[in-house]
Amino acid sequence: VFLKATHLVESFLDVSQKIKAEDGGDGSGTMRGLHGKDYCLQVPLGTIVRERVNSGLRTEEGRRMFLPQFRYQFLKSEDTYLVGRGG
């Protein structure tokens, strides 16, 4: 799954809430699956990609605490960033 910046999308209100790339399919005895098609989600310019990273700390209730870590910012139209790899 790729994210791709475009000037055609003005806000995330124009972006689908749920996305799913197609399955690659059965490799039919080759011990490898077939290659699925890439899914490219268009996002507005200026979009920032962050990853939730476990801080190693816990709340008083015992829940793990996650912190956002910067990964990428789309500054130019047609910029592309890989966010999910199949497998």
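**Exercise 1. Strand partners**

Find which residue in β5 is the bridge partner of F2, and state how β1 runs relative to β5.

Solution. The model is predicted. In it, F2 has L82 as its bridge partner in β5. Strand β5 covers residues 80-82. It is joined to β1 by three bridges, and the two strands run antiparallel.

Next, take the pairing of β1 with β2. Strand β1 spans residues 2-6 and strand β2 spans residues 40-44. Five bridges connect them, in the parallel sense. For T6, the bridge partner in β2 is P44.

**Exercise 2. Classifying ring pairs**

Determine how many aromatic pairs there are, and classify the pair of Y72 and F74 and the pair of Y72 and Y81.

Solution. The count is two aromatic pairs. For Y72 and F74, the centres are 5.0 Å apart and the angle between the planes is 75°. Planes over 60 degrees apart count as edge-to-face, and this pair is edge-to-face.

For Y72 and Y81, the centres are 5.0 Å apart and the planes stand at 15°. Planes under 30 degrees apart count as stacked, so this pair is stacked.

Together, Y72, F74 and Y81 form one aromatic cluster.

**Exercise 3. Buried or partly exposed**

Sort F74, Y72 and Y81 by accessibility class.

Solution. Buried means under 20% relative accessible area. F74 has 0%, so F74 is buried. Y72 has 23% and is partly exposed. Y81 also has 23% and is partly exposed.

**Exercise 4. A charge over a ring**

Identify the ring over which the charged end of R52 sits.

Solution. The ring belongs to F66, and the charged end of R52 lies 4.2 Å from its centre.

Conventions
Residues numbered from 1 in each chain as written. Predicted model: local features only at pLDDT ≥ 70, side-chain atom pairs only at ≥ 80, totals over all residues. Heavy atoms only, no water. Phe/Tyr/Trp six-rings, centres within 6.5 Å; stacked < 30°, edge-to-face > 60°. Buried < 20%, exposed > 50% of the residue type's maximum accessible area, 1.4 Å probe, protein only. Lys NZ or Arg CZ within 6 Å of the ring centre and 35° of its normal. Pairing = 2+ DSSP bridges. Helix = DSSP H or I, 4+ residues; strand = E, 2+ residues; numbered from the N terminus.
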